[in-house]
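User: I am new to this structure. Please take a close look at a single part of it. Then work outward to whatever that part meets.

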Amino acid sequence: MRTTPASPSTARDRLREQRHRQALRTYRLHVAAKCVGLCVALAAVIGVSIALQSRAADEGPVVSPAGAVGDEGLLISVGRKDAPVVLTVYEDARCPGCAQLEKTLHTTVNRLEDEGLLRVEYHVLSFVDRIVGGKGSKVAANALAAAQDAGRFREFHDVLFAHPPAEESSDAFADRDFLLELAGRIPGLRSAGFDEAVAEGTHSGWAKAVQRRFDQQTDVQATPAVLLDGKDLVRDQEHPLTPERLTELVDEAAARKGAAGGTTRP
C-alpha cells in the first residue's frame, strides 16, 4: 500500500502540537518546583514556630520580682538607693565558692548596707544546673525572687547560702519542700503567696532570662564575682577579699564619693 505524504499544513499542525506539549510539560515542571520550594519554606516556618512555642512553654513568662532593677529588671538590689558604693555580685546557689564567700562576708555586707554606705546588685545565676545536671539552681533562683516579692530577699539569701548542698553535684535545692523549710526560719516570709510562687515557679522564666543575659557577656566567666568600679575583687590574688579588706575598700570609695558630695560613714 502506498502511503500518501503528509501535507505541509498537517506537518505544521504536528509541530505546533509538539511545541505546545513541550511548553505544557515545562510549565508543569516549573509549577511543581515552586510547590516543592513553597512546601520546604512553609515547613521551615512551621518548624521555627513550633520551636519558639516549645521554648516559650518551657521557660514561661518573664515575671520580674518586685523592685528588680537594671535592664529588663534582671537584677535584685539590696541597700539604700542613694548609697555611695555599689557592689555587683554574681552568684549561683549551687556554687560552693559562692557559699564560702557568703559565709565569710555576709555579716560585713549587711552592716555596710545598714550604715547606708553600700548597695549590692545581685545577678542570681543558675548555670551549675547546666554543668552538672539537675534544676536546683533555677528552683533556688525562683525562690529568691519570691522572697524579694515578700521583702525578705536578704534574709532568705543569707539562710540559703548558709545551707549549701553537700557538694556541687548535689541537687538539694531542687526540693521545694526543703526551700520552704528554710524559708520558715525567717519571720514573715512564709505566706500563701510565697509558697505558691515557690511551688509553681512563678519566676522561673525570669531566672532563665538572668542566666541567658549572663551567657551573652564575656567580662565575668566564673562565680563568685564581686565587682567594685568594674574590678572583680575576688580575682585580686594579692589582696584576699576579707571582711576587713571589703570594709576598707567601701570606706575609701565612700570617701571619694563624699568629697564629691556623697555619703560617708556616720
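Analyst: Start with strands β1 and β3: 3 bridges join them, and the two run antiparallel. One pair shows the register: I76 stands opposite Y122 in β3. Keep in mind that this is a predicted model. The part I will follow is β3, and then its surroundings.

How much of β3 is covered? All 8 of its 8 residues are buried. Look at the two faces. L118, V120, Y122 and V124 point one way from β3. R119, E121, H123 and L125 point the other way. Both sets are buried.

Now take the other neighbour. β2 and β3 pair over 8 bridges, in the parallel sense. Two positions help to line them up. V86 of β2 stands opposite R119 in β3, and D92 stands opposite L125 in β3. β2 is well covered too: 7 of its 8 residues are buried, so the rest of the structure largely encloses β2.

How does the chain get from β2 to β3? It crosses through α2, and this β-α-β crossover is right-handed. Between α2 and β3 lies a loop, and G116 sits in that loop. Is G116 buried or exposed? G116 counts as buried, because its relative accessibility is 0%. A residue from elsewhere in the sequence comes up to it here. R80 is 36 residues from G116 in sequence, yet their C-alpha atoms are 6.0 Å apart in space.

Step across β2 to its other partner. β4 covers residues 225-228, and 4 bridges join it to β2. Here the two strands run antiparallel. V89 stands opposite V226 in β4, and L87 has L228 of β4 as its bridge partner.

Put the strands together. They form an open sheet of 5 strands, in the order β1-β3-β2-β4-β5, with mixed pairing. The edges are β1 and β5 (231-232), and each of these pairs on one side only. α2 packs on the sheet and touches β1, β2, β3 and β4. The direction of α2 makes about 150 degrees with that of β3. As a general point, strands of a sheet pair through backbone hydrogen bonds, either parallel or antiparallel.

Next, meet a helix that reaches the sheet. α5 spans residues 153-161. Why call α5 enclosed? 7 of its 9 residues are buried, so the rest of the structure largely encloses it. Those buried residues are F153, F156, H157, D158, V159, L160 and F161. They pack against three strands: β1 (76-78), β2 (85-92) and β3 (118-125). They also pack against the helices α2 (96-114), α4 (136-149) and α6 (176-183).

F156 deserves a closer look. Leaving aside residues up to four places away in sequence, F156 touches A143, L144, A147, L179, L182, A183, I186 and L189. F156 also belongs to the largest nonpolar core, which has 59 residues. F156, L160 and L246 have the most contacts inside that core. The largest share of the core, 8 residues, comes from α4. In general, nonpolar side chains in soluble globular proteins tend to be buried together.

So what does α4 look like? α4 has 14 residues, and from first C-alpha to last it reaches 20 Å, close to the 20 Å expected at 1.5 Å a residue. α4 is mostly covered, with 12 of its 14 residues buried. Among the buried ones are V139, A140, A141, A143 and L144. The polar residues S137, N142 and Q148 are on the buried list as well. After α4 comes G151, and its phi is positive, near 75 degrees.

Last, step back to the whole protein. It holds 9 helices and 5 strands. Along the sequence, the pattern reads α-β-β-α-β-α-α-α-α-α-α-β-β-α. The protein has 266 residues, and 38% of them count as buried. Consider contacts between residues at least 6 apart in sequence: 75% of these join residues at least 24 apart. Then return to β3. It pairs antiparallel with β1, it pairs parallel with β2, and it is touched by α2.

Notes:
Residues numbered from 1 in each chain as written. Predicted model: local features only at pLDDT ≥ 70, side-chain atom pairs only at ≥ 80, totals over all residues. Heavy atoms only, no water. Buried < 20%, exposed > 50% of the residue type's maximum accessible area, 1.4 Å probe, protein only. Helix = DSSP H or I, 4+ residues; strand = E, 2+ residues; numbered from the N terminus. Contact = heavy atoms within 4.5 Å. Pairing = 2+ DSSP bridges. Axes fitted to C-alpha atoms, helices over the stretch in contact; angles between N-to-C directions. Core = buried A, V, L, I, M, F, W, Y, C linked by side-chain atoms within 4.5 Å. Right-handed = clockwise from strand over helix to strand, strands pointing away. Expected span 1.5 Å × (residues − 1).
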